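Biologist: I'd like to learn how to read a sheet in a model like this one. Could you walk me through it?

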Amino acid sequence: MPELPEVEALREFLSDHLVGQEIAGAQPVAISVLKTYDPPYTALAGRTVTGVARHGKFLDLDADGLHLCVHLARAGWLRWHDVLPAAPPKPGKGPLALRVALTGGAGFDLTEAGTRKSLAAYLVHDPSEVPGIARLGPDPLAPDFGRDAFAALLAGERRQLKGALRDQSLIAGIGNAYSDEILHAARMSPFKPVAHLTDEETTALYEAMRTTLAEAVERSHGLAAGRLKAEKKSGLRVHGRTGQPCPVCGDTVREVSFADSSLQYCATCQTGGKILADRRLSKLIK
């Protein structure tokens with residue numbers, strides 16, 4: 001799933017390639033991608049892209065006051081074409097969900113792999129009309145989001161760290177991969193209760209969050225859209241690396257599997273050497 005660093009890189013890429021360009025048309029290919037119908041997508045034709053923003057994991061293309069807001073979900077992606085294919089897209093079982101064409105001949109496709117269709121596109125007058133954007137918590141890389149603001153968000157939390165970090169209404173933009181990376185950098189168990197954090201641990205978690213995300217954004221800076229997935233994978237230290245050595249201590253990276261996801265961690269770095277039980281309501285094996 002694209003998370004804050006990849007979506008930020010896409011925002012930067014699209015800002016360079018779209019701003020000032022006129023839209024020739026937007027063609028939905030998969031009905032499942034459409035989350036709004038008024039205004040119609042035909043209203044984008046003839047409008048000029050005036051800006052590209054990011055809200056958590058959402059991309060926001062401003063076309064003369066109409067906002068095309070996109071959430072790529074778990075398996076969605078954006079594919080840029082300097083020259084779009086001449087043949088019009090055809091609805092079917094392929095990955096193509098939405099095509100946006102520019103009058104100059106370039107454009108992009110929104111695609112989604114797999115059978116579980118969660119990619120979402122909204123055409124609205126204001127991004128706050130999108131429910132997922134309206135409920136977002138603060139951006140963890142915002143200049144005014146300091147350690148004390150982070151601590152205030154965590155006050156009264158009864159969840160475990162992994163779940164809290166992934167809650168978009170608490171903090172925007174962090175998903176499964178970067179929550180693993182942040183917790184590894186902070187040397188904390190994913191199942192540590194938020195309420196048990198000391199002041200020093202809260203500071204360490206905040207600094208790990210900011211550093212991990214900022215470094216990932218920097219690694220993705222200037223990359224073309226097609227190279228972002230590979231960059232994300234190469235930059236991860238524990239997520240998706242089950243069975244490989246931890247780059248910090250050399251211990252084996254381990255996994256906890258759930259019904260539809262998994263997390264990775266290093267026992268030596270994060271749990272004092274104890275192995276986490278591989279079940280949803282996991283506790284430290286004693």
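Biologist: Let's start with the hairpin: how many residues lie between β6 and β7?

Modeller: Keep in mind that this model is predicted. Four residues separate β6 and β7 in the hairpin, and Gly105 in the turn has a positive phi of about 105 degrees.

Biologist: And how do strands hold on to each other in general?

Modeller: Through backbone hydrogen bonds, in either a parallel or an antiparallel arrangement. Here β6 and β7 pair in the antiparallel sense, over five bridges. Ala101 stands opposite Gly107 in β7.

Biologist: What is the strand order in the sheet?

Modeller: The order is β1-β6-β7-β5, an open sheet of four strands with antiparallel pairing. The edge strands, β1 (23-28) and β5 (76-81), each pair on one side only. From one strand to the next, the twist averages 15 degrees.

Biologist: Which bridges join the edge strands to their partners?

Modeller: β5 is joined to β7 (residues 107-112) by six bridges, and the two run antiparallel. His81 stands opposite Gly107 in β7. On the other side of the story, five bridges link β1 to β6, also antiparallel. Gly25 has Ala101 in β6 as its bridge partner.

Biologist: What packs on the sheet?

Modeller: Helix α1 (residues 4-18) does, touching β5, β6 (96-102) and β7. The direction of α1 makes about 25 degrees with that of β5.

Biologist: Is β6 mostly covered or mostly uncovered?

Modeller: Mostly covered: six of the seven residues in β6 are buried, taking under 20% relative accessible area as the cut-off.

How values were computed
Residues numbered from 1 in each chain as written. Predicted model: local features only at pLDDT ≥ 70, side-chain atom pairs only at ≥ 80, totals over all residues. Heavy atoms only, no water. Pairing = 2+ DSSP bridges. Axes fitted to C-alpha atoms, helices over the stretch in contact; angles between N-to-C directions. Contact = heavy atoms within 4.5 Å. Buried < 20%, exposed > 50% of the residue type's maximum accessible area, 1.4 Å probe, protein only.
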